[in-house]
Amino acid sequence: VLFNNQWTPLSTIGLPPLARAFHSMTTLGSGNSSEVILMGGTAATCNSPIIDGYRLTAGGTWLPFTPPSNLGRRTLFGLVNIQGIGNNDFAILQGNITPCGSPTAGTVIWHNGVTDAYNVLQGNPPQPARWNFAAASNWNDPDAPRKSYVIFGGDRGNGFPLLADTWNARETTPGAYNTFSVSGTGPSARRTINGMAW
C-alpha cells in the first residue's frame with residue numbers, strides 16, 4: 001500500500017488469493033466500509049485460468065467469494081466500480097473467456113450488490129471485441145453529471161492489430177456504449193495491460 005509517499009507491505013488477515021497474472025481489481029465504497037474486489041486471472045500459463053473472487057476489506061481481511069464459472073475465468077478483462085448506478089456495485093467488462101484464445105464478443109456483466117446476482121447486459125458493447133484495454137469508472141459527464149465508465153484501446157488477441165478508440169457507458173443507458181468524442185491528440189494504440197483510473 002502507498003501511504004505518505006512510501007510503499008509498505010500490507011499485513012492481511014485470512015487466506016490470500018493465489019499468485020496470478022492477468023487478473024483485475026477495483027475498489028468499492030469509502031471509509032471503513034471500503035473494499036477491493038479481485039477476480040479472475042491465470043496461474044503459470046494462460047491455459048490455467050483461476051476461477052475465484054476475493055474482497056479485501058478496509059481492515060485488511062481477505063474474504064473469498066465464488067463468481068459464476070463462466071465469468072470468473074476471464075483474463076485480460078476490465079473490472080470497474082459502478083456504485084451509484086442502480087443497485088450494482090461492479091461490472092465485468094470485455095476480456096478473454098477461452099484461455100489463450102480470442103476476446104469475447106463483448107458482453108458486459110454487472111453485479112447487483114443487493115441481490116448478489118450477476119446480470120448480463122444487452123447493449124451495444126465496443127466492437128471489435130478486445131482485451132488488454134484500459135478501463136476507468138465514476139467519470140462525470142461534463143454536460144450532466146452522472147456516473148459512467150470509460151475504456152480505451154486494447155488489442156484483438158494474438159496477431160490482431162492494436163486499437164486506439166475510446167468508449168463510454170453512462171448511467172442513463174446501462175450497457176449501451178457510445179463512442180466518445182475527445183479533443184486534442186489522443187493516446188496511440190497500445191496494449192500489454194495498460195491502465196487508467198479516475
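**Notebook: salt bridges, a hairpin and V150**

I began with D165 and R130, whose side chains meet in a salt bridge at 2.6 Å, N to O. I then looked up where the two residues sit. D165 is in strand β13 (residues 162–170) and R130 is in the loop between β10 and β11 (134–137), so this salt bridge ties together parts 35 residues apart in sequence. I note that the model is predicted.

Next I checked burial for this pair. R130 has a relative accessible area of 0%, so I entered it as buried. D165 comes out at 23% relative accessibility and counts as partly exposed, because buried means under 20%.

I asked how many salt bridges the count comes to. The count comes to three salt bridges, and I went on to the pairs still to be entered.

R20 and D52 form a salt bridge through their side chains, with N to O at 2.7 Å. R20 lies in the loop between β2 (6–7) and β3 (24–28), and D52 in the loop between β4 (35–39) and β5 (53–57), so the pair ties together parts that are 32 residues apart in sequence. Are these residues buried or exposed? I found R20 buried, with a relative accessible area of 16%. D52 also counts as buried, at 14% relative accessibility.

For E35 and R55 I noted a salt bridge whose closest N and O atoms are 2.7 Å apart. E35 belongs to strand β4 and R55 to strand β5, and the pair links distant parts of the chain, 20 residues apart.

I then turned to strand pairing. Strand β9 (residues 108–112) pairs with strand β10 (residues 117–121) in the antiparallel sense, over five bridges. I looked up which residue in β10 is the bridge partner of I109. The partner is V120. The hairpin of β9 and β10 has four residues between the strands, and in this hairpin D116 takes a positive phi near 60 degrees.

My last entry is V150. I located V150 in strand β12 (residues 148–155). Its relative accessible area is 10%, so I put V150 down as buried. I also took the C-alpha to C-alpha distance from V150 to A197, which is 9.6 Å. In sequence, V150 and A197 are 47 residues apart.

Terms used: Residues numbered from 1 in each chain as written. Predicted model: local features only at pLDDT ≥ 70, side-chain atom pairs only at ≥ 80, totals over all residues. Heavy atoms only, no water. Pairing = 2+ DSSP bridges. Helix = DSSP H or I, 4+ residues; strand = E, 2+ residues; numbered from the N terminus. Buried < 20%, exposed > 50% of the residue type's maximum accessible area, 1.4 Å probe, protein only. Salt bridge = Lys/Arg side-chain N within 4 Å of Asp/Glu carboxyl O.
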